[in-house]
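Work through the following exercises with the sequence and the predicted model side by side. Each task is followed by a solution that proceeds step by step.

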Amino acid sequence: MKSVEIDSNAGFCGGVIRTIGTAEKYLASRKGSHLYSLGEIVHNESEIARLSALGLVALDVEDLDEISDASGEAILIRAHGQPPATYELLEKQGFEIIDCTCPVVLGIQKKIREAEGRIIIFGKKGHPEVLGLVGQIDDLQRVRVIESLDEALDMVENDLPSGACEIFSQTTKSPVEYEKVCDLLLSRIPRLKIHKTICSQVANRYRELEEFALTHDVIIFVTGKSSSNGKVLSTLCKNTNIRSYTVGSVGEIQSAWFRPDDKVGISGATSTPRWLLEQVAAYVAGL
Ligand code: SF4
């Protein structure tokens with residue numbers, strides 16, 4: 001008989017729990033009201049639909065250009081953080097700012113402001129957290145964002161920084177790849193200062209998830225399509241256990257993936273809500 005187990009280490013990270021809790025509390029205390037958020041507060045379509053029903057309305061930074069007077073409106077800044085220019089704009093427009101930037105991200109932003117010489121950020125170009133990190137520096141000539149080991153190689157061959165140089169990582173990047181990038185750069189930039197800025201909650205999940213994927217016959221990894229943490233962790237599952245499948249909801253699960261005596265593991269990204277993991281587990285158990 002098939003067994004189904006939810007990964008006890010899966011679920012929201014501390015930064016996301018804090019942000020969702022703040023939004024829920026605000027909306028519960030003002031029934032029938034709404035709360036703006038700058039961008040979606042969690043990279044999971046199902047959870048966003050639940051929060052929208054409570055009154056959370058996501059705005060893009062571009063939407064702010066249309067607003068001249070936001071007096072009486074509150075806007076939540078999500079765990080990824082924002083550059084100082086966004087705070088200035090929101091204050092000018094009259095928004096009440098509810099700042100849920102994760103303390104870990106705030107710490108990295110501060111270190112970047114204090115960094116010397118060239119700054120390398122290992123992260124996804126255009127990712128909101130990366131934009132918030134880059135925005136801490138006025139002189140953009142000093143900052144370079146690299147996404148992969150290939151881009152680090154390219155930098156070493158074609159645009160090697162001279163003088164002081166510091167490297168930071170987006171909090172949700174792969175610790176293994178960041179280590180490779182740092183090793184490569186350190187071999188060519190002796191004065192490189194390495195900041196270990198991958199979130200410990202994310203780093204720990206790599207080890208735990210690898211073990212979870214190895215000890216189950218099938219892995220169903222549940223994540224929103226826009227979650228970079230979800231992409232990295234689902235790839236880790238696939239590389240560890242060939243019978244790993246990534247889904248956004250129960251509608252994408254196929255019964256052909258399972259054999260009668262399979263031990264099935266259900267896991268997810270740091271942005272996957274627990275209720276969705278439970279929904280998926282109940283569905284798989286009933287197949
Ligand atoms: S992954 Fe870590 S750094 Fe990023 S929001 Fe969550 S707790 Fe904060």
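**Exercise 1.** Determine which residue of strand 8 stands opposite Ile119, and place this pair within the pairing of the two strands concerned.

*Solution.* Begin with the pair itself: the residue that stands opposite Ile119 is Glu166, in strand 8. Next, widen the view to the strands, where strand 6 (residues 118–122) and strand 8 (residues 165–169) run parallel and are joined by 5 bridges. On to strand 9 (residues 192–194), which also runs parallel to strand 8 and is joined to it by 3 bridges; here Ile167 has Ile194 as its bridge partner. Finally, follow the chain between these last two strands: strand 8, helix 7 (residues 175–188) and strand 9 together form a β-α-β unit that is right-handed.

**Exercise 2.** Sort the residues of strand 8 by the way they point, and decide whether they are buried or exposed.

*Solution.* One group, consisting of Cys165, Ile167 and Ser169, points one way from the strand, while Glu166 and Phe168 point the other way. Applying the criterion of 20 or more other C-beta atoms within 10 Å, one finds that the residues of both groups are buried. The count for the strand is accordingly 5 of 5 residues buried, and strand 8 is mostly covered.

**Exercise 3.** Establish the strand order of the open sheet of 4 strands, and describe what lies across it.

*Solution.* The order is 1-12-10-11, with parallel pairing. The edges are taken by strand 1 (3–6) and strand 11 (244–247), each of which pairs on one side only. Direction ignored, neighbouring strands of this sheet are turned against each other by 20 degrees on average. At the edge formed by strand 1, 4 bridges connect this strand to strand 12 (residues 263–268), parallel to it, and Ser3 stands opposite Lys263. Helix 8 lies across strand 10 (218–222), strand 11 and strand 12, and runs at about 155 degrees to strand 12.

**Exercise 4.** Describe the shell around the ligand: how many residues surround the ligand, and which elements give two or more of them?

*Solution.* The ligand is surrounded by 14 residues, the closest being Cys13, Gly15, Cys102, Val104 and Cys199. Two or more residues come from each of helix 1 (14–29), helix 4 (103–114) and helix 8 (200–214), and helix 1 gives the most, with 3 residues. Sorted by character, the shell holds 8 nonpolar residues, 6 polar residues and no charged ones. Helix 8 thus appears in two solutions, since this helix contributes to the shell and also lies across strands 10, 11 and 12.

Methods. Residues numbered from 1 in each chain as written. Predicted model: local features only at pLDDT ≥ 70, side-chain atom pairs only at ≥ 80, totals over all residues. Near = placed C-beta within 6 Å. Nonpolar A, V, L, I, M, F, W, Y, C, P; charged D, E, K, R; others polar. Pairing = 2+ DSSP bridges. Axes fitted to C-alpha atoms, helices over the stretch in contact; angles between N-to-C directions. Contact = placed C-beta atoms within 7 Å. Buried ≥ 20, exposed ≤ 12 C-beta atoms within 10 Å, placed from the backbone. Right-handed = clockwise from strand over helix to strand, strands pointing away.
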